[in-house]
Amino acid sequence: MWQSYSNGLLVGIGLIMAIGAQNAFVLSQSLRREHHIPAALLCIVCDAVLVTAGVFGLANLLAQNPLLLTIARWGGTAFLLWYASQALRRAWRPNGLEAGGTSPRSLTAVILATLAVTLLNPHVYIDTILLIGSLGAQQPIPGAYAMGAASGSALWFSALALGAAWLAPWLSRPFTWRLIDIGVAMMMFTIAFQLMMGGL
């Protein structure tokens with residue numbers, strides 16, 4: 001159980017830590033203290049729902065079709081290797097994450113914007129349903145893996161929402177994101193190797 005959970009946690013954190021629309025939005029809201037807690041909670045809930053759908057939907061499908069399981073394994077490996085290489089590329093030319101100044105918005109406007117950056121981003125579906133789902137379907141305990149992946153999302157968005165004032169000076173530095181991207185690449189390469197060896 002703990003191996004499945006830790007695998008899910010590592011994959012979840014590795015995927016969510018890359019600078020993206022969700023991270024930029026939540027951090028921006030947090031730095032301005034503009035409904036940042038509801039925005040982070042909504043991102044966490046959306047990720048948990050998508051991860052669960054991906055893991056259990058694909059788990060049932062792949063269990064009935066060994067060919068699809070093989071395709072998912074090698075497809076997931078290829079995606080992880082690509083993702084790791086992209087992280088290394090970002091580390092070569094890192095960018096800081098900055099929050100732009102805008103006029104205050106209502107809670108409704110922030111909620112709608114959060115849903116937009118979450119559900120209208122195709123990478124969210126690739127990461128949560130396809131990649132995390134295909135990896136989770138091959139776990140000894142898929143439910144523990146899904147909980148781990150959802151926990152990774154919850155930990156990261158909680159850190160952004162609650163620690164923005166403390167994180168801001170570091171997240172504005174390209175060097176910080178170089179270290180983060182190198183760490184992401186190492187995690188992704190490790191998981192890809194385990195997947196190739198059939199160890200997940």
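Q: What makes a stretch of this predicted model a helix or a strand?
A: A helix is a DSSP run (H or I) of at least four residues, and a strand is an E run of at least two. By that rule the protein chain has 9 helices and 0 strands. From the N terminus on, its elements run α-α-α-α-α-α-α-α-α.

Q: Why are H1 and H7 called oblique to each other?
A: The axes of H1 (residues 2-16) and H7 (residues 142-162) cross at roughly 40°. Angles under 35 degrees count as roughly parallel, and 65 to 115 as roughly perpendicular. The angle falls in neither range, so H1 and H7 are oblique.

Q: How close do the axes of H1 and H7 come, and what is the hand of the crossing?
A: The axes come within 6 Å. H1 passes H7 in a right-handed crossing.

Q: Which residues make the contact between H1 and H7?
A: From H1 they include Ser4, Tyr5, Gly8, Val11 and Ile16. From H7 they include Ala144, Gly148, Gly152, Leu155 and Phe157. By class, the contact has 12 nonpolar, 7 polar and no charged residues. Gly counts as polar in this tally.

Q: How do you know whether threonine 114 is buried or exposed?
A: Its relative accessible area is 0%. Buried means under 20%, so threonine 114 is buried. Threonine 114 sits in helix H5 (residues 107-119). Not counting residues up to four places away in sequence, threonine 114 touches Phe25, Ala39, Leu42 and Cys43.

Q: Leucine 50 has a relative accessible area of 12%; what is it called, buried or exposed?
A: The cut-off for buried is under 20%. At 12%, leucine 50 is therefore buried. Leucine 50 lies in helix H3. Beyond its neighbours within four places in sequence, leucine 50 is in contact with Leu119, Val124, Tyr125, Thr128 and Ile129. The C-alpha atoms of leucine 50 and leucine 119 are 9.8 Å apart, though 69 residues separate them along the chain.

Q: Why is glutamine 139 classed as it is, buried or exposed?
A: Its relative accessible area is 6%. That is under 20%, so glutamine 139 counts as buried. Glutamine 139 is in the loop between H6 and H7. Its C-alpha atom is 6.0 Å from that of serine 4, which is 135 residues away along the chain.

Q: What is notable about the phi of histidine 35?
A: Its phi is near 50°, a positive value in a residue other than glycine. Most residues other than glycine have a negative phi. Histidine 35 is in the loop between H2 and H3.

Q: Why is histidine 35 called partly exposed?
A: Its relative accessible area is 30%. Buried means under 20% and exposed means over 50%. The value lies in between, so histidine 35 is partly exposed.

Q: What makes a set of residues a nonpolar core, and which members touch the most others in the largest one?
A: The members are buried nonpolar residues joined through side-chain atoms within 4.5 Å. The largest core has 34 residues, and Leu80, Ile132, Phe157 and Met188 touch the most other members. The elements giving two or more residues are H1, H2, H3, H4, H6, H7 and H9. H9 gives the most, with 8 residues.

Q: Which residues does isoleucine 132 contact?
A: Leaving aside neighbours within four places in sequence, they are Val11, Leu15, Val51, Val55, Asp127, Tyr145 and Ala149.

Q: How many of the 200 residues in the protein chain are buried, as a percentage?
A: Buried residues make up 44%.

Conventions:
Residues numbered from 1 in each chain as written. Predicted model: local features only at pLDDT ≥ 70, side-chain atom pairs only at ≥ 80, totals over all residues. Heavy atoms only, no water. Axes fitted to C-alpha atoms, helices over the stretch in contact; angles between N-to-C directions. Parallel < 35°, antiparallel > 145°, perpendicular 65-115°, else oblique. Left-handed = near helix turned anticlockwise from the far one by under 90°. Contact = heavy atoms within 4.5 Å. Buried < 20%, exposed > 50% of the residue type's maximum accessible area, 1.4 Å probe, protein only.
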